[in-house]
2 protein chains.
Amino acid sequence: MRTCISCKIMYSKYQGSACRQCYEDLKAKVEQCNEDLNAKLAFLTMPQPASFSDVVLFADDDDEYPVPVPAHKAVLANRSPVLRAMLDNEMKESLSGTIKIGDVSYDALRAFVNFLYTAEVCLDQQLACELLVMSEKYQVQHLKDFCQKFLVSNLNLDNSLSTYTFAHQHNFKPIIDAALTLITASMDKLASRDEYTELKERDPGLLLEIYEAYFSKQANTQWHNA
Amino acid sequence: MRTCISCKIMYSKYQGSACRQCYEDLKAKVEQCNEDLNAKLAFLTMPQPASFSDVVLFADDDDEYPVPVPAHKAVLANRSPVLRAMLDNEMKESLSGTIKIGDVSYDALRAFVNFLYTAEVCLDQQLACELLVMSEKYQVQHLKDFCQKFLVSNLNLDNSLSTYTFAHQHNFKPIIDAALTLITASMDKLASRDEYTELKERDPGLLLEIYEAYFSKQANTQWHNA
């Protein structure tokens with residue numbers, strides 16, 4: 001038995017191991033790689049709002065005096081094929097230099113535009129849902145991946161039914177799958193909750209789908225165990 | 001003795017080692033980190049020339065019909081404080097939307113602007129020298145680091161004297177140091193070369209500095225060995 005220089009746990013020779021040199025080299029490689037890529041990222045990241053703006057976006061949420069979010073056509077067009085099409089084709093957005101974004105809060109719009117410039121956003125459950133819908137509408141795949149990962153990792157018993165309902169409504173497959181796995185594993189606990197009763201009243205068809213998934217999983221497990 | 005799972009070399013227990021799990025975890029972390037950062041980089045990188053350009057650059061190399069390099073004020077200003085100052089302060093560059101870049105070839109200008117958009121450039125010795133001077137003039141630190149690293153790693157006996165001369169002329173400290181180390185270690189071989197004779201005729205003072213560095217290094221070595 002020997003002690004691992006990293007986790008300090010004893011391991012036997014049958015497990016296999018890496019010599020100190022290889023381990024340290026790999027560790028140095030991680031640090032160097034992080035350093036190089038982060039320097040590149042810092043260089044390419046633009047703070048938003050920046051100067052020389054040639055377009056403004058508004059959240060079209062019926063506010064009488066909506067606050068403009070300044071941006072650059074070149075950046076919007078580079079990050080979203082849908083915005084590119086709107087700006088390229090001499091549509092009214094391109095001519096007026098104004099883009100109205102429907103069904104979205106001002107905060108979500110700001111976060112959306114900021115993400116287009118920095119590839120960063122500080123998410124909570126609600127913002128992730130809003131941005132995921134926007135990323136789908138404007139085809140910003142990187143933001144879509146980002147929000148989906150967040151929502152999957154943020155899944156818990158409390159939000160599993162509402163997250164499933166949301167994902168199902170917009171057909172976000174990875175979230176549907178992850179939520180279903182959690183729900184079908186905790187069906188007994190969920191059935192006594194208010195969220196369950198509410199969903200049953202609001203959308204019994206959806207609940208039915210969950211049960212079908214549950215039983216299909218059970219059948220599979222039994223088949224595997226048989 | 002055991003065999004390392006990475007380099008396959010035998011090592012003794014006194015060297016220390018990492019268990020397979022820790023080594024594999026670290027390896028997976030490298031890959032994940034690379035994947036995440038590269039996705040972020042791909043998202044933030046803008047191809048140049050892009051649409052919606054609001055400024056053009058010209059290489060001011062006395063060409064009667066210079067070829068314009070299109071760009072965006074916002075990007076130039078974000079990457080170079082010098083260009084920002086030119087564009088911010090209603091100087092003639094900002095008003096005309098035209099920036100003349102002196103003492104530079106068209107190819108170097110294109111590579112320079114492209115680097116501002118992508119943080120990438122394919123260097124050779126001459127381009128690295130041109131871009132290093134530009135990065136200094138326009139205070140693009142990331143490009144400066146990039147070119148300096150290239151020139152240091154590209155140092156060899158053939159280019160050591162010319163690289164030293166170039167670096168000395170512009171006071172690029174890391175290159176001066178690296179070139180001096182190589183030159184003083186190979187003084188006997190260099191003294192019989194044409195480059196040496198040429199430098200002796202053109203700039204004897206510079207050669208003198210090299211000799212001083214050589215003898216100060218010798219004195220240090222003798223002192224250490226004493």
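## Two chains, one shared surface

Let's start with charge: chain A carries 22 positive and 31 negative side chains, and 11 Å separates the centres of these two sets. Keep in mind as you look around that this is a predicted model.

Next comes the fold. Along chain A you can pick out twelve helices and six strands. How do the overall dimensions work out? The C-alpha atoms fit a box of roughly 70 × 60 × 25 Å when chain A is set along its principal axes. The radius of gyration of chain A is 24 Å, whereas a compact globule of 226 residues would come out near 17 Å.

Now for the packing. Of the 226 residues in chain A, 42% are buried. If you count the contacts in chain A with a separation of 6 or more, 55% of them link residues 24 or more positions apart. On the outside, chain A has an accessible surface of about 12,300 Å², and carbon and sulfur atoms supply 52% of that area.

Finally, bring in the partner chain. What does it take to lay chain A on chain B? A turn of 180° with a shift of 0.1 Å along the axis does it, leaving an RMSD of 0.1 Å. The two copies are therefore related as by a two-fold rotation axis. The interface fits into this picture too: 100% of the interface residues of chain A are also interface residues in chain B, so the copies meet through the same surface.

Notes
Residues are numbered from 1 along each chain as its sequence is written. Chains are lettered from A and ligands numbered from 1 in the order in which they are written. This is a predicted model: local features need pLDDT of at least 70, side-chain atom pairs count only at pLDDT 80 or more; totals for chains, interfaces and linings use all residues. Side-chain values use heavy atoms; hydrogens and water are left out. Helices (H or I, at least four residues) and strands (E, at least two) are DSSP runs, numbered from the N terminus. The radius of gyration is taken over C-alpha atoms; the globule rule is 2.2 Å times the number of residues to the power 0.38. Buried means under 20% relative accessible area, exposed over 50%, partly exposed in between (1.4 Å probe, protein chains only). Contact means heavy atoms within 4.5 Å. Accessible areas come from the Shrake-Rupley method with a 1.4 Å probe; for residues, only the protein chains shown count as cover. Lys and Arg count as positive and Asp and Glu as negative; His and the chain ends are not counted. The place of a charge is taken as NZ of Lys, CZ of Arg, CG of Asp or CD of Glu. Copies are superposed by least squares on the C-alpha atoms of residues with pLDDT of at least 70 in both.
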